[in-house]
Amino acid sequence: MKIWKDVFTGDEMFSDTYKMKLIDNVMYEVYGKLVSRTLGDIQIDGANPSAEEADEGTDAATESGVDIVLNHRLVETGFGDKKQFTAYLKDYMKKLLVRLEETNPSEVEVFKTNINSVMKDLLGRFKDLQFFTGESMDCAGMIAMLEYRDIDGESVPVLLCFKQGLEEEKF
């Protein structure tokens, strides 16, 4: 199993248990789904819940949301307007560029070439985006974006994360 973590905060952002796609070698699109589950109820693939002990009739709390957000404890945040989002993106891209020059100079040119069109596209969809930080809520790290797309007639949540702001960890 692989987990992608924020390079600046170490927060988990997503894992390879989700369908993913790399766009222009700078942006991961991670496809999630809306879920509703009982708190404390762990579902293991292959388990037979009907064979488990019957519920004692207690009121169970439930949580609903996007599976990626819930499973990786992402925290919703926001921007007052497009201008604030643009300022964040510019600062974050500068920070990523400095890090790339130090850690992976061969990727700098690809990043510079492809990131502008991706950022322009994001700014054009600003009103449709939700924003999430990692569990630490440290805004010095990546702020992931989430949007809903119509895929095969179904509304699918898609988490967007900058590839260069992530490190891959194998478990």
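**Exercise 1.** Determine which residue caps the N-terminal end of helix H2 in this predicted model, and establish where the buried residues of H2 lie.

*Solution.* Step 1. Aspartate 81 is the cap: one of its side-chain oxygens is 3.2 Å from the backbone nitrogen of lysine 83. Residues are numbered from 1 along each chain as its sequence is written. The model is predicted, with local features requiring pLDDT of at least 70 and side-chain atom pairs pLDDT 80 or more, and side-chain values use heavy atoms.

Step 2. The buried residues of H2 (buried: under 20% relative accessible area, with a 1.4 Å probe and protein chains only) are Phe85, Tyr88, Leu89, Tyr92, Met93, Leu96 and Leu100. Viewed down the axis of H2, they fall within an arc of 135 degrees (taken from the directions from the helix axis to the C-beta atoms), so they line one face of the helix.

Step 3. The face turned away from the buried side carries Lys83, Lys90, Asp91, Lys94 and Glu102, which are exposed (over 50%).

**Exercise 2.** Identify which residues are linked in a network of salt bridges, and locate the parts of the chain that its pairs join.

*Solution.* Step 1. The network links Glu29, Asp121, Arg125, Glu147 and Arg149 through salt bridges (a side-chain nitrogen of Lys or Arg within 4 Å of a carboxyl oxygen of Asp or Glu).

Step 2. Glutamate 29 pairs with arginine 149, their closest N and O atoms being 2.8 Å apart. This pair links strand E4 (residues 27-31) to strand E9, 120 residues apart.

Step 3. Glutamate 147 and arginine 125 meet at 3.0 Å, N to O. Glutamate 147 lies in strand E9 and arginine 125 in the loop between H3 and E8, so this pair ties together parts 22 residues apart in sequence.

Note on methods
Helices (H or I, at least four residues) and strands (E, at least two) are DSSP runs, numbered from the N terminus. A polar contact is a pair of N or O atoms within 3.5 Å; within protein, one must be able to donate a hydrogen and the other to accept it, and residues adjacent in sequence count only if both atoms are side-chain atoms.
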